[in-house]
Amino acid sequence: MSKQTESITFLARLALLVLLAPVLSVAADDVRPAIAASVSAERIEADIRKLVSFGTRHTLSDTRSDTRGIGAARRWVESEFRKISADCGGCLQVITVGDTVSGAPRIPDPVEVVSVIAIQRGTLDPDRMVLMAGDIDSRISDPMNFTDDSPGANDNASGLAGVLEAARVLSKHEFAGSIVYAALSGEEQGLFGGRILAAYALRNGWRIKAVLNNDMIGNIEGIDGVIDNATARVFSEGTRYTETADEAAERRSRGGEVDSASRNLARYIDRMADDYIENLDVMMIYRLDRFARGGHHRPFNEAGMPGVRIMETHEHYHRQHQDLRTEDGIRYGDVIDGVNFDYARKLTALNAVSLAGLAAAPPFPSEVTIAGAVQPHTTLSWTLPEGMAAQNLAGYKVYWRLTTDAQWTRSRYVGLVDSYTLENTVIDNYFFGVASVAKDGSESPVVFPGSPGSFGD
C-alpha cells in the first residue's frame, strides 16, 4: 500500500469516527448493563409470595379486609410504590385510577375497579411516557367465583412483581422521558383496568409511546412437555386498530402491514434482549395476542397507543384459570410451585432495559415521509423537534431491511439532519425507517414512514 493510499484510508476512518462520535459513547454512558444486573430474583419471589398470601385477588372479592381479597392486595401494592418512592427521594407520583363498572357479563353489578399507578417523571419531556403493566387480579375455573382461593402465582402475580421490581431498579436513575408503572385491576373480568387507564391517559394529555404488558412471565414448563427458560414471546398487532379508510388505502399502496408502531416496539425489545440479557431470545409473534385470547395491552392499542404483550413461551394450561385440585394424578392450579423466579428475573430485566432505552431516547421521529418511486435513490424525511425535549438529541439513524426480514438488518447514522438520501437503494426492494439517537447513544424504536408506523407527535 502506498503512503498516499494509507493517508486516504486514515482520513476516511477519521471522518467515519467523527460522524459516529455521538453513538460511540454508548459503552461509556450506557446504564442498561447495570440495570439488568440489578434486577433481583429474590425480591421478585418475595413479592409473588406476598400477592399469593392474599388468598384471592378476584376483582369482585373483598375490598375491606386487610389480609384477604383485592382491596388488601391493591393497598399493599400502593404501599410498596410509596416505599420505593421514599427510597428515591420522592421520585414517584403514586395515584389510584378507577371507575365503577356494571352491566358487563363478568361484572353484572356495580363494582369499583381500581388500579394503582406510579409515575417517574422525565427531566426533559415529562409528558412523553412509556408504561409497564402487570395485573393485580386473579381467577379460577369459574370467572365469577370470587370467594374461593385463587393464588394467581404466575397469572399474574409474576407480571405485577416484575412491575414492582422494575420500579425499584429504574427509580435509581433519571431519564429524559417519563416511566409509568401500572398495577391494573379487572383484567380477568374484561380488561377494564386497562380501558379505564387508557381513557385517563387521553384525558390528561399523556403521550404514551409504548405499553409493555407483562402477563405470565414466570412459567418455564409447558403443556407441550417443553422446559424452556431461554426464550420469551412478544406479541404485537400489525395493522393498527385505529387505522382509517384513507390510511388503509395508503398502507395498501406503500406497505406497512408488518410495521405498525407496536410491531417496531417488539423489534426494539428483541434488540434489547440480544444486547443486554444473557441467555434470553425473543420470539416475536405477529399477532395481537394468543389465538382468540386477550390481554391488557389491547385497550391501549384500541386507544391508538403502541403496545405489546411480553410473556413466557410455553404455557401450562393446568396452571391457568383452574380450581385448586388433583384429578387422575394431575395437579391443577396456579400455585407458587409453578413459578421459576430466575426466569421471571430475566423477563423483568428485559422490561427494565427496554424502558430505560425508550425513556432515555430523544423525541421519537415524527412526520416521517419517504420518496423514491421510479428513481434509483430513496429519501427519508422527518421533522426536527425543538425546545427542552430535544436537548439530548444527537442525530438520527436510517434503517432498511429486505421485505421478508423480521428484524432491521442495515442502518446508517446520518447526523442531526431532517432528511437523508440512500443512493442507489431502490425503494421497491426494501422497507425503510428512521430512529432518533441520544447523546448517550440511546435510540428510539425505528419509525416506519407514514401513518402505518407513526408513534404520534
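Which residue is the bridge partner of T369 in β12? Keep that one in mind; point 4 gets to it. Some notes from going through the model.

1. First, the caveat. This is a predicted model, with a mean pLDDT of 94 for the protein chain and 94% of its residues at 70 or more. The stretch to be wary of is residues 1-27, where the pLDDT is below 50. In the model, that stretch has 16 contacts beyond near neighbours in sequence.

2. Now the main sheet. Eight strands make an open sheet with mixed pairing, and reading across gives β1-β2-β4-β3-β5-β8-β6-β7. The edges belong to β1 (92-101) and β7 (281-285); each has a single partner strand, so one side of each has no neighbour in the sheet. From one strand to the next, the twist averages 25°. As a reminder, strands of a sheet pair through backbone hydrogen bonds, in either a parallel or an antiparallel way. For a concrete case, look at β6 (residues 231-236) and β8 (residues 307-312): they run antiparallel and are joined by five bridges. Within β6 and β8, R233 stands opposite M311.

3. Two helices to find against that sheet. Helix α6 (residues 153-170) lies across β2, β3, β4, β5 and β8, and runs at about 145° to β3. Helix α11 (residues 341-360) lies across β3, β4, β5, β6, β7 and β8, at about 165° to β3.

4. Back to the opening question. T369 has S381 as its bridge partner in β12. The strands concerned are β11 (residues 366-371) and β12 (residues 378-383), which run antiparallel with four bridges between them. Six residues lie between the strands of this hairpin, and G372 takes a positive phi there, near 155°.

5. On to the aromatics. Searching the whole structure turns up seven aromatic pairs. One of them is Y430 with F432: the ring centres are 6.1 Å apart and the planes sit at 65°, so this pair is edge-to-face. Y430 has 19% relative accessibility and counts as buried because the cut-off is under 20%. F432 counts as buried too, at 2%.

6. F431 pairs with F448, again edge-to-face, with 5.9 Å from centre to centre and 80° between the planes. F431 lies in strand β16 (residues 430-438) while F448 lies in the segment after β16, so the pair ties together parts 17 residues apart in sequence. Are these two buried or exposed? F431 is buried at 15% relative accessible area, and F448 is buried at 5%.

7. Two arginines are worth a look for where they sit relative to rings. The charged end of R195 is over the ring of F192, 5.1 Å from its centre. R263 lies over the face of Y286, at 4.1 Å from the ring centre.

8. Last stop, F300. What does F300 touch, leaving out residues up to four places away in sequence? The list is L131, L184, G194, L197, A198, V211 and M305. F300 itself is found in helix α10 (residues 298-302), and with 0% relative accessibility it counts as buried. P143 is not on that list of contacts; the C-alpha atoms of F300 and P143 are separated by 23 Å, with their positions 157 residues apart along the chain.

Terms used. Residues are numbered from 1 along each chain as its sequence is written. This is a predicted model: local features need pLDDT of at least 70, side-chain atom pairs count only at pLDDT 80 or more; totals for chains, interfaces and linings use all residues. Side-chain values use heavy atoms; hydrogens and water are left out. Two strands pair if DSSP finds at least two bridges between them. Axes are lines fitted to C-alpha atoms, for helices over the stretch in contact, and angles run from 0 to 180 degrees between N-to-C directions. Contact means heavy atoms within 4.5 Å. Rings of Phe, Tyr and Trp (its six-membered ring) pair if their centres lie within 6.5 Å; planes under 30 degrees apart count as stacked, over 60 as edge-to-face and the rest as tilted. Buried means under 20% relative accessible area, exposed over 50%, partly exposed in between (1.4 Å probe, protein chains only). A charge sits over a ring if NZ of Lys or CZ of Arg is within 6 Å of the ring centre and within 35 degrees of the ring normal. pLDDT is the predictor's confidence in each residue, from 0 to 100.
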